[in-house]
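Dear colleague,

Please find below the sequence and the structure for your review. An account of what was found follows directly after them.

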Amino acid sequence: MNNTLIEELAKKVQDEDFTKPMRGNEAQTRKSLIDKMLDALGYDTTNPNICVVEDNAGFQGKGGEKVDYSLYKNGSLVLILEAKPFESSLGGFYKQLSSYFRNKLNPDPKHKLFVMLSNGVEYRFFSDINRSNILDEEPFFVFDLKSHDCEDLKNLENFSYDKINPNAIVEWAKECIKYKKILNKLKKEIDKPSEGFIKIFAEEIKQKQVTQNLKAECKKYLKQAFNELFYKSSDAKISNKLDKIDTLNEKMKVKVVDFFKKAIMEALSSSSHPLTAKEIWEKIEKKYPREQIPSKIENLQKRTFEVVRYKMKDMVEAVDTNPLKFILKTSK
């Protein structure tokens, strides 16, 4: 997989001048973005043995239904892709996708088929994970050019021409679906705790009766506990990602962090009130020309946030119950 080309596309979709002609124009979206993404994934869009455009997707190969792309490897159909105009809504196409999937599905269960739905920015991946031969209504994986990390890139590579392994993807997709179900259940419990959950909570605080006050108290503490657990796990997870994706050598890393620590301290010291990560960056941006900022990361506002939150814990703290707003500890 060509990660460099994918990151180039990620920059282009942020460029208003580049994307303006694609809005409402599916053909231009395909030519300017989707074809390039397929190239990055290793599918030769000029080779009709690998990529068939406007492929017949009608029942038993008949009728006027056509899917935008059919992607093959070693003679076997592995992916079909339906394209939509740039950043258009991707909701409401299940019936269409389901029909294409059903009509293109190989009767041999060993030949798994995946469906992609894309508007040039977001790539949604579907298959028949929950019920055999029936396309799932929800995607098991979504890749977003405007919002992705190294883990997303690693998962996307599973669908590349060189790496695609349908059976392995199915097992991974099953894990993704289980995780989403558990996460959704946890979100529901936090927002509206069930009687059974509240009873467990009541036992912990030695309260025998489930009252309205207990329900409200349970909801309050559940949210606080969830936020604490989330931010602690995020600290470790994102810190690990920073170590992996930062391509600078160790000496350069120290230089980058030292610069941002100094600049962040200056920004916070110059303010009489707490600043959000965005406000901190705005102050840095006003004071320092871009060429003086020693970082290869394009999103320097993100770099500011990462340093202030993960590298300056001994110097700053979040305030006002807002984990994105900071103040110097010494300023209390």
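A nonpolar core is here a set of buried Ala, Val, Leu, Ile, Met, Phe, Trp, Tyr and Cys residues joined through side-chain atoms within 4.5 Å. Buried means under 20% relative accessible area, exposed means over 50%, and partly exposed lies in between (1.4 Å probe, protein chains only). The model is predicted: local features need pLDDT of at least 70 and side-chain atom pairs count only at pLDDT 80 or more, whereas totals for chains, interfaces and linings use all residues. Residues are numbered from 1 along each chain as its sequence is written, and side-chain values use heavy atoms, with hydrogens and water left out.

Nonpolar cores

The largest nonpolar core comprises 43 residues, and Met37, Tyr43, Leu79, Phe140, Phe143 and Leu145 have the most contacts inside it. Helix α6 (residues 166-191) gives the most to this core, namely six residues. Helices (H or I, at least four residues) and strands (E, at least two) are DSSP runs, numbered from the N terminus. Leaving aside neighbours within four places in sequence, phenylalanine 140 is in contact (heavy atoms within 4.5 Å) with twelve residues' worth of surroundings that include Phe114, Phe125, Phe126, Phe159, Ile169, Trp172 and Cys176. A second, separate core has 23 residues, including Val256, Ile280, Ile284 and Phe305.

Phe305 also appears among the buried residues of helix α11. Nine of the eleven residues of α11 (residues 300-310) are buried, so this helix is largely enclosed by the rest of the structure. The buried set also takes in charged side chains, among them Arg303, Glu306 and Arg309.

Salt bridges

The structure holds 15 salt bridges, each defined as a side-chain nitrogen of Lys or Arg within 4 Å of a carboxyl oxygen of Asp or Glu. One of them joins aspartate 68 and arginine 30, at 3.2 Å from N to O. Aspartate 68 belongs to strand β2 (residues 66-73) and arginine 30 to helix α3 (residues 26-40), so the pair ties together parts that are 38 residues apart in sequence. Both aspartate 68 and arginine 30 are buried.

Lysine 146 and glutamate 87 form a further salt bridge, with an N to O distance of 2.7 Å. Lysine 146 is in the loop between β6 (141-144) and α5 (150-156), and glutamate 87 in the loop between β3 (76-83) and α4 (94-104), so this pair ties together parts that are 59 residues apart in sequence. Lysine 146 is partly exposed, at 33% relative accessible area, and glutamate 87 is partly exposed at 32%.

Glutamate 16 and arginine 23 meet at 3.9 Å, N to O; arginine 23 is partly exposed, with a relative accessible area of 39%. Glu16, Arg23, Glu87 and Lys146 are linked in a network of salt bridges.

Asparagine 119

Asparagine 119 is found in the loop between β4 (114-118) and β5 (122-126), and is buried, with a relative accessible area of 5%. Its side chain reaches the backbone oxygen of serine 88 at 2.9 Å. A polar atom of the asparagine 119 side chain also lies 3.1 Å from the backbone nitrogen of valine 121. Not counting residues up to four places away in sequence, asparagine 119 touches Thr29, Lys84, Pro85, Phe86, Glu87, Ser88 and Leu90.

Cysteines

How many disulfides does the structure hold? The structure holds zero, a disulfide being a pair of cysteine sulfur atoms within 2.5 Å. Cysteine 51 is buried at 5% relative accessibility, and cysteine 176 is buried at 15%.

With kind regards

Technical notes: Polar contact = N/O pair within 3.5 Å; in protein donor to acceptor, adjacent residues only side chain to side chain.
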